[in-house]
Structures are given as C-alpha cells and as structure tokens.
Amino acid sequence: MSKTTVDKRDWSVPWKNPLVIIWFSILIVVLFVNFFMVSMAITTNPGLVIDDFYEKGKNMDKTLAAQKRMEEMGWQLNVDFPDLKEGKAEHVTLAVLDKEGEALHVDTAMLYYYRPSDRKLDGEKPFTSTGAKGEFEATFSLNTKGKWDLIIEVTQGDLVYNIGRSIMVQDPE
C-alpha cells in the first residue's frame, strides 16, 4: 500500500506563491537601493566642473608640448612633505635642482592645492626663499580630511616647471 499525498494548495492566487513573493521583494529592494544611490549622488557631490572645457581641450597640444619641454629641461623638485593632519599647520621645504643635481635659481615657487570633491576649498600658497640658492619653504594647513591634489610650480623667466601629487589628509590625533 503506497500512500500518495495529493497537493491541495491553491496556486491560482499569485500572492500565495512564495516565488512571486520572493521576486517582488527583490524588485522592491533593488528599486530602493537605486533611489537611495541617485539621491545621495545628487545631494552630496557637486562634481568637478571645468568652466572652459572646450578651450582646454583645444589647447591639449600646447599642454603636451609644455610637458615634453619640462622633461627636456630635466629639473628636479625635491619636496619634503610631512604627513598632513586635519587643521594642523605643517612646514614644507622645496629644493630646485638642475639636470646635474646642482641648486638652481628660480624666480617663484607656488603650491596649489585642490579638493576634488569641493572646489570652494581650492587655494594656493607661495613658497618663500630660505636665502640659499634653489631652496624654498612654506607653512600651510588643510582643514578638511580626505584626498587632496597638490601641484608645485616653479618659474624662471618664461620657463615653467611643475609636478603634481595626490595626498590624504588624516584625522588629527
């Protein structure tokens, strides 16, 4: 005697089917996550905007030529950059050397700092000469932790040389 059980569940109503309930739950979760991500993108990040993007694109050949000229000059910018802490002033030193490693006299040295997520925090700080040939110093602080892009630019007459670097500003301890 074999007993066979007869399935008496009524699957004609879709909301009683567990597969429909699971599928609908997944759909609701995906839609909620997408809505949340779009709303966070709109409210938190202003994005990077270049006002004259077309002109910068047209001038790309000039930028590449300037970069090649910088490589041919062979200048070296030795930067002593400490680990930066949020809101703490730090001392930065810069030594400008020529191809042979000799100190090089330059007219000006500038430090430009950019916050990728907020252009209102961007700024610049001039280096001051220490009195020694090719040596400069500056004291500055960044008041917001996170990623910053730095560009150090030195000029000698019409010649311009620069280097860039990304840093992370840490929590004060």
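What volume does the second largest pocket have? In this predicted model, the second largest pocket comes to about 220 Å³. The legends below start with the whole chain and then move in on selected places.

**View 1. The whole chain, from helices to strands.** The protein chain holds three helices and eight strands. Reading from the N terminus, the order is α-α-α-β-β-β-β-β-β-β-β. The radius of gyration is 29 Å, well over the 16 Å that the globule rule gives for 173 residues, so the chain is more spread out than a compact globule. Along the principal axes, the C-alpha atoms fill a box of roughly 105 × 45 × 40 Å.

**View 2. Surface and contacts of the chain.** About 12800 Å² of the protein chain is exposed, and carbon and sulfur atoms supply 58% of that area. Buried residues account for 21% of the 173 residues. Take the contacts between residues at least 6 apart in sequence: 57% of them join residues at least 24 apart.

**View 3. The second largest pocket, with helix H3 on its lining.** Here you can find Thr63, Ala66, Gln67, Met70, Ile151, Asn162, Ile163 and Gly164 lining the space. Helix H3 (60-73) and strand E8 (159-169) each bring at least two residues to this lining. H3 gives the most, with four residues. Sorted by class, the lining of this pocket has four nonpolar and four polar residues, and no charged ones.

**View 4. The largest cavity, between residues of E7 and E8 among others.** The count comes to one cavity of 30 Å³ or more, and the largest cavity has a volume of about 60 Å³. Its lining is made of Val79, Phe81, Leu150, Ile151, Ile152, Ile163, Gly164 and Arg165. Strand E7 (146-156) and strand E8 each supply at least two of these residues. By class, the cavity lining has six nonpolar residues, one polar and one charged. If you have just come from the pocket view, look again for Ile151, Ile163 and Gly164: they line the second largest pocket and also the largest cavity.

**View 5. Glu90 and its neighbours.** Is Glu90 buried or exposed? With a relative accessible area of 14%, Glu90 counts as buried, because buried means under 20%. Glu90 lies in strand E2, which covers residues 90-97. Leaving aside residues up to four places away in sequence, Glu90 touches Pro82, Asp83 and Leu84, as well as Ala138, Thr139 and Phe140.

Methods:
Residues are numbered from 1 along each chain as its sequence is written. This is a predicted model: local features need pLDDT of at least 70, side-chain atom pairs count only at pLDDT 80 or more; totals for chains, interfaces and linings use all residues. Side-chain values use heavy atoms; hydrogens and water are left out. On a 1 Å grid over the protein atoms alone, a cavity is a set of points where a 1.4 Å probe fits but cannot get out, and a pocket is an open set with protein on both sides within 12 Å along at least five of seven lines; lining residues have an atom within 4 Å of a point. Grid points are joined across faces, edges and corners, and a volume is the space filled by probe spheres set on the points. Ala, Val, Leu, Ile, Met, Phe, Trp, Tyr, Cys and Pro count as nonpolar, Asp, Glu, Lys and Arg as charged, and the others, Gly among them, as polar. The radius of gyration is taken over C-alpha atoms; the globule rule is 2.2 Å times the number of residues to the power 0.38. Buried means under 20% relative accessible area, exposed over 50%, partly exposed in between (1.4 Å probe, protein chains only). Contact means heavy atoms within 4.5 Å. Accessible areas come from the Shrake-Rupley method with a 1.4 Å probe; for residues, only the protein chains shown count as cover.
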